[in-house]
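Here is a walk through one protein chain, for anyone who likes to have the model open while reading. Have a look at it before going on.

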Amino acid sequence: MATGKVCIDGEIVDTAEARVPVLDRGFLYGDSVFEVYRTYGGVPFAEKEHLERLSRSADCLMISMPVSIDALASEVRATLAAAGEGEWYVRVMITRGTGPLTYDPTTASSPLRVIIVAPITPYPRELYEHGASVVLLNASRPTDDARAAGAKASNYLANLLAVHEAKQKGAQEAIVLGRRGQLLEGASSNLFVVKDGVIRTPKPEPGILVGITRATVLEVCAREGLTVEETELHPPDLYDADEAFITSSIREVMPVVVADGRSIGDGTPGPLTKRLRRGYLGAVAAGTGAAV
Ligand SMILES: Cc1ncc(COP(=O)(O)O)c(C=O)c1O
């Protein structure tokens, strides 16, 4: 069975053998940044965009990138080659590194880089065929704060508790509300709604990770001449939408048909959602050469 591989500071090992020091600040404090993407036909999709965002996230948290983006990409290639044939989930992390047991981030000087290549677990097909349900929640995350806004920082505790609450309520994803009650994003996805043929998504602001999948979907919209608005949205915009969907590198474009127990539109995946899912997969095929 394929188990994947891990690369730590350039050294590739079996996943079960991979170790990081207990004094690493990523382990102690979630003091690290990361990216998640996947392969299609064994080729990573949008890797450059992900690694550039990783570098921006590191800058935002004043973590210096230990190697260049090109060097990281070639380590990912080597890790994928060591993992062998298959379709892989790729997680790239940069931690601030090891230092004394103090919160002062300046005491750690050697960032650690970790690449995890793991077998991909696709979301259930029925979520694409029949749609997912979401619940709206308040959750206060470190990246809601202007200091860390826009960074993909690893402290996902609030996000995972939100997902837990969503699952307990029978939903698959939590949609996080901002301080003004506005819709921000999913715990690990961006949100889109469709009303009267117009595609709308929350505008970038603190609390929103501007997704690579979101950007690809916006490119597809532009190419297909669809009307898009990046704007502030509130719960009624979702409840009363004709269609809704969430996006992420692993989910791709996933229809949303229920929010807080209310049916969206006619309660089935809508035509624009299906069209944008096809458009997204077309971009994936063009970017990787894979038949998707
Ligand atoms: C909080 C959050 N928002 C949005 C996304 C979607 O980002 P991307 O499309 O780059 O995967 C993610 C992905 O995990 C996320 O964690």
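What follows covers the domains, the core, a pair of helices and a handful of single residues.

## Two domains

This is a predicted model, so the numbers here are computed from predicted coordinates. The chain splits into domain 1, residues 5-119, and domain 2, residues 126-288. Their C-alpha centres sit 26 Å apart. The two do touch: 22 residues of domain 1 are in contact with 23 residues of domain 2.

## The largest nonpolar core

Which residues have the most contacts inside the largest nonpolar core? They are V90, V92 and I115, in a core of 22 residues. Several elements each put in at least two residues: the strands β3 (32-40), β5 (88-95) and β6 (112-119), plus the helices α2 (47-60) and α3 (69-83). The largest share, five residues, is from α3. Domain 1 and domain 2 both contribute residues, so this core lies between them. As a general point, nonpolar side chains in soluble globular proteins tend to be buried together.

V92 is a good place to zoom in. Leaving out residues up to four places away in sequence, V92 touches V33, F34, E35, Y37, L51, L54, L72, V76, V114 and I115. Note that I115, itself one of the residues with the most contacts inside the core, is on that list.

## Helix α2 and the loop before it

Two residues of α2 make a nice contrast. S57 lies in this helix and, at 1% relative accessibility, counts as buried, because the cut-off for buried is under 20%. Not counting residues up to four places away in sequence, S57 touches V33, G150, A151 and K152. V33 is thus a contact of S57 and also a contact of V92.

D59 is in α2 too, but this one is exposed, with a relative accessible area of 54%. Its C-alpha atom is 19 Å from that of I115, with the two positions 56 residues apart along the chain.

In the loop between β4 (43-44) and α2 you'll find A46. A46 has a positive phi of about 55 degrees although it is not a glycine. With 13% relative accessibility, A46 counts as buried.

## Another positive phi

Most residues other than glycine have a negative phi. D196 is a further residue to check on that score: its phi is near 50 degrees, a positive value in a residue other than glycine. D196 sits in the loop between β10 (190-195) and β11 (198-202). Is D196 buried or exposed? D196 is exposed, at 66% relative accessible area, whereas A46 counts as buried.

## How α6 meets α8

Two packed helices are described by the angle between their axes and the distance between the axes. For α6 (residues 212-223) and α8 (residues 271-288), the axes come within 9 Å and cross at roughly 105 degrees. The two helices are therefore roughly perpendicular to each other.

On the α6 side, the residues in the contact are T213, T216, V217, V220 and C221; on the α8 side they are L276, G279, Y280 and A283. By class that gives six nonpolar, three polar and no charged residues.

A286 is also found in α8, and this residue is exposed, with a relative accessible area of 68%. A286 and T3 are 283 residues apart in sequence, and their C-alpha atoms are 28 Å apart in space.

## R214 and E230

R214 is found in α6. How does R214 count, as buried or exposed? At 3% relative accessibility, R214 counts as buried. Setting aside neighbours within four places in sequence, R214 is in contact with N190, F192, T201, P202, K203, P204, E230 and T247. R214 and Y280 are 66 residues apart in sequence and 9.7 Å apart from C-alpha to C-alpha.

E230, one of those contacts, is in strand β12 (residues 228-231). With 41% relative accessibility, E230 counts as partly exposed. E230 touches T201, K203, P204, R214 and L218, again not counting residues up to four places away in sequence. So far as the shared neighbours go, T201, K203 and P204 touch E230 and are in contact with R214 as well. The C-alpha atoms of E230 and P202 are separated by 5.5 Å, with the two residues 28 apart along the chain.

Note on methods. Residues numbered from 1 in each chain as written. Predicted model: local features only at pLDDT ≥ 70, side-chain atom pairs only at ≥ 80, totals over all residues. Heavy atoms only, no water. Core = buried A, V, L, I, M, F, W, Y, C linked by side-chain atoms within 4.5 Å. Buried < 20%, exposed > 50% of the residue type's maximum accessible area, 1.4 Å probe, protein only. Helix = DSSP H or I, 4+ residues; strand = E, 2+ residues; numbered from the N terminus. Domains from an automatic or database assignment. Contact = heavy atoms within 4.5 Å. Axes fitted to C-alpha atoms, helices over the stretch in contact; angles between N-to-C directions. Parallel < 35°, antiparallel > 145°, perpendicular 65-115°, else oblique. Nonpolar A, V, L, I, M, F, W, Y, C, P; charged D, E, K, R; others polar.
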